[in-house]
Amino acid sequence: MPARVAAAVGAGVLLYISFPPRPFWWLALPALAVLGLLVYGRRAKAAFGYGFLFGMGFLLPLLTWIGSLVGPVPWVALVVLESLFVGLGGAGMALVSRLPAAPVWSAAVWVASEALRARVPWGGLPWGRVGFGQPDGPLLPLAAIGGEPLLSFVTVLAGLALGEAARRVVVWWRAARAADSTAHAGDAPPPAVGDAAEDGPADGPPAAAESGASPPASAEPAARSASPRALVVPLVIAVAALAAGPLAALVPPLSGGPGATVTIAAVQGNVPRLGLDFNAQRRAVLDNHVKETLVLASEVAAGKLARPDLVIWPENSSDIDPLRNADAAAQIERAAEAVGVPILVGGVLQNPDGRTTSNSALVWEPGVGVVERADKRRVQPFGEYMPWREFFRLFSSYVDRAGYFVPGTGPGVIDMAGTKVGVTICWEVAFDDLVEASVDNGAQVLAVPSNNATFGFTQMTYQQMAMSQVRSVEHDRTSIIATTSGVSATIDPDGTVTQSTTQFTPAVLVNRTVLRDTVTLATQLGAVPEGVLVALGVGALAVAVSRRRRTAGEDEDG
């Protein structure tokens with residue numbers, strides 16, 4: 001048991017290591033293979049435990065940036081909550097692990113658990129979905145076919161199939177050794193024991209009961225179960241999964257394609273200090289972005305940089321409400337007049353009720369002011385607002401630092417100098433439906449204004465950039481990431497990061513961007529691929545439970 005516990009936690013850590021900023025995407029395969037081996041044939045309760053431990057090993061280091069924001073207790077509490085969903089996935093994988101072509105159904109169950117985790121509680125936390133760890137891997141083109149859910153499914157499928165092949169090799173080797181020992185001893189071969197030779201724990205039924213393994217759901221001849229032919233199915237599944245990415249790259253979009261070319265500048269003004277209190281000097285943050293825009297204007301005038309058609313500032317670049325504060329408005333106008341083009345300004349706006357605020361992206365035209373705005377549609381719990389504020393105050397004094405932001409509505413698209421810009425503010429890029437809505441409503445390029453200064457030199461900004469890489473491929477759009485403190489970046493429609501900044505330095509990126517109106521299969525299908533995969537997982541669970549009940553009934557009758 002201690003070895004299995006260590007293996008579960010270790011496999012979770014391995015999955016964490018596969019995520020950006022590290023380029024070790026392939027480590028996801030052995031990580032998921034180990035999880036599949038641990039839950040194979042186990043009772044749901046034991047498999048839930050292994051899945052939970054796997055989730056802790058994965059999410060605890062992945063979400064360390066949350067600890068830097070709110071301290072260790074809320075961070076660990078969140079990881080425990082999220083790991084419960086991984087545990088549910090592990091239990092479901094165990095239930096379907098004895099079905100034919102089990103890796104397929106297990107991978108579908110995994111996607112179902114990710115879909116649930118991405119939606120509940122409080123709107124869900126899609127962070128850490130397996131597909132978001134694959135921006136550098138060969139399976140990335142699958143995002144253009146079925147979005148992140150299909151990318152997750154095939155990645156998990158490849159890992160589980162390789163794990164199942166390895167398990168069958170061990171079973172075959174053990175059976176061969178047993179047969180060889182029997183022959184040398186001159187004894188008759190043991191009677192057939194159904195699929196226990198292949199599927200049961202090596203210690204036999206008593207050990208299986210102790211470890212939480214369930215009895216075999218069906219029987220098959222021992223010669224078949226301990227044969228090299230048993231490797232065919234998992235190996236075929238693994239090869240098909242690994243080939244799916246390169247094959248997906250050959251699938252053309254349904255319609256549309258490249259159009260006009262515009263020049264877009266992303267400004268990273270930097271912040272006066274790291275951490276949660278960075279915006280204590282809100283005017284300094286605004287001034288930094290004004291200053292870098294003035295530098296951009298001077299370099300354009302000197303012929304050193306191409307004149308942009310529009311400029312993207314980050315989220316929170318003006319935490320002083322420019323609609324209420326004339327001085328802040330004057331500084332933004334100064335920058336807009338200097339560069340001579342519209343600026344997308346990340347502002348915090350006071351709502352009429354005097355208590356709540358909106359996290360907004362404002363289109364500021366020189367000489368005119370705000371002509372359009374896009375509000376953040378999904379605000380972040382425990383940061384921008386606090387659910388159950390009185391309850392959570394019992395556990396952490398950081399509760400009162402949470403804001404009173406409210407979600408906005410709208411199409412997720414704004415017009416800047418004739419360019420339709422899809423806006424997903426910071427963590428909104430993690431939500432499939434929000435990015436899809438922006439593209440469906442006409443976005444020709446994706447802008448991701450973000451504020452990552454709160455999280456210091458953690459890996460959060462790289463994890464978020466990987467999501468934008470997946471989104472660019474999913475919808476065949478260039479992504480422009482503008483952050484207060486880095487990493488800002490430009491990403492081509494194939495997911496390649498073409499420019500990026502370093503953290504906590506002022507910088508400007510200027511990108512010649514080809515606008516697109518492409519409709520990929522993923523864009524057209526929307527949530528359908530995820531729905532189909534969830535239905536497959538739930539259906540497989542229903543079949544597995546039905547088979548177990550039928551087998552148990554036959555045993556009682558016998």
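## A walk through two sheets and their helices

Start by selecting helix α3 and colouring its buried residues: Ala47, Tyr50, Gly51, Phe54, Gly55, Met56, Gly57, Phe58, Leu59 and Leu62. Keep in mind as you go that this is a predicted model. The helix covers residues 44-62, which makes 19 residues. From the first C-alpha to the last, α3 reaches 26 Å, close to the 27 Å expected at 1.5 Å a residue.

What sits over those buried side chains? Turn on α1 (2-17), α2 (28-39), α4 (64-70), α5 (72-95) and α6 (102-117), which are among the elements covering them. Helix α16 belongs on that list too, and it makes a handy bridge to the next stop.

**Arg471, in α16**

Select α16, residues 460-475, and pick out Arg471 within it. Is this arginine buried or exposed? Arg471 is buried, with a relative accessible area of 1%; it counts as buried because that value is under the 20% cut-off.

Now show its surroundings. Leaving aside neighbours within four places in sequence, Arg471 is in contact with Arg129, Phe132 and Glu148, then with Val429, Ala430, Phe431, Asp432 and Val435, and also with Leu446. Hold on to Leu446, as it takes us into the next strand.

**Strand β8 and its partners**

Select residues 445-450, which form β8. Six of its six residues are buried, so to speak of it as mostly covered is fair. Show the side chains: Val445, Ala447 and Pro449 point one way, while Leu446, Val448 and Ser450 point the other.

Look to one side of β8 and you'll find β7, residues 419-423, running parallel and joined to it by three bridges. For a landmark on that side, put labels on Val421 and Val445, which stand opposite each other. Then trace the chain from β7 through helix α15 (residues 432-440) into β8: that path is a right-handed β-α-β unit.

Over to β9, residues 479-483, which also runs parallel to β8, with five bridges between them. Here the pair to label is Val448 and its bridge partner Ile481. The route from β8 to β9 goes by way of α16, and this too is a right-handed β-α-β unit.

Stay on Ile481 and look across to β10, where Ala489 stands opposite. The pairing changes sense at this point: β9 and β10 (residues 489-491) are antiparallel, over three bridges.

**The whole of that sheet**

Zoom out and colour the six strands in order: β6-β7-β8-β9-β10-β11, an open sheet with mixed pairing. At its edges are β6 (413-416) and β11 (497-500), each pairing on one side only. From one strand to the next, the twist averages 25 degrees. Bring α16 back on and you'll see it packed on this sheet, touching β8, β9, β10 and β11. Its direction makes about 25 degrees with that of β10.

**The other sheet**

Next, select the strands β5-β4-β3-β2-β1-β12, given here in sheet order. This is another open sheet of six strands with mixed pairing. β5 and β12 (507-516) stand at its edges with a single partner strand each, so one side of each has no neighbour in the sheet. Here the twist averages 35 degrees from one strand to the next.

For a closer look inside, take β3 and β4: they run antiparallel and are joined by eight bridges. Label Leu349 and its bridge partner in β4, Ser358.

Now add the helices. α12 lies across β1 (258-268), β2, β3 and β12, at about 130 degrees to β1. α13 lies across β2, β3, β4 and β5, at about 35 degrees to β4.

**Last stop: α13**

Select residues 326-339, the 14 residues of α13. Its C-alpha span is 20 Å end to end, close to the 20 Å expected at 1.5 Å a residue. Which of its residues are buried? Ala328, Ala329, Gln331, Ile332, Glu333, Ala335, Ala336 and Val339 are. The cover over them includes α12 (282-301), along with β2 (310-312), β3 (343-350), β4 (357-365) and β5 (369-375).

Finish with the two ends. At the start of α13, a side-chain oxygen of Asn325 comes to within 3.0 Å of the backbone nitrogen of Asp327. Just after the helix, click on Gly340, which takes a positive phi of about 75 degrees.

Key
Residues are numbered from 1 along each chain as its sequence is written. This is a predicted model: local features need pLDDT of at least 70, side-chain atom pairs count only at pLDDT 80 or more; totals for chains, interfaces and linings use all residues. Side-chain values use heavy atoms; hydrogens and water are left out. Buried means under 20% relative accessible area, exposed over 50%, partly exposed in between (1.4 Å probe, protein chains only). Helices (H or I, at least four residues) and strands (E, at least two) are DSSP runs, numbered from the N terminus. Two strands pair if DSSP finds at least two bridges between them. A crossover is right-handed if, with the strands pointing away from the viewer, the path from the first strand over the helix to the second runs clockwise. Axes are lines fitted to C-alpha atoms, for helices over the stretch in contact, and angles run from 0 to 180 degrees between N-to-C directions. Contact means heavy atoms within 4.5 Å. The expected span of a helix is 1.5 Å times one less than its number of residues. A polar contact is a pair of N or O atoms within 3.5 Å; within protein, one must be able to donate a hydrogen and the other to accept it, and residues adjacent in sequence count only if both atoms are side-chain atoms.
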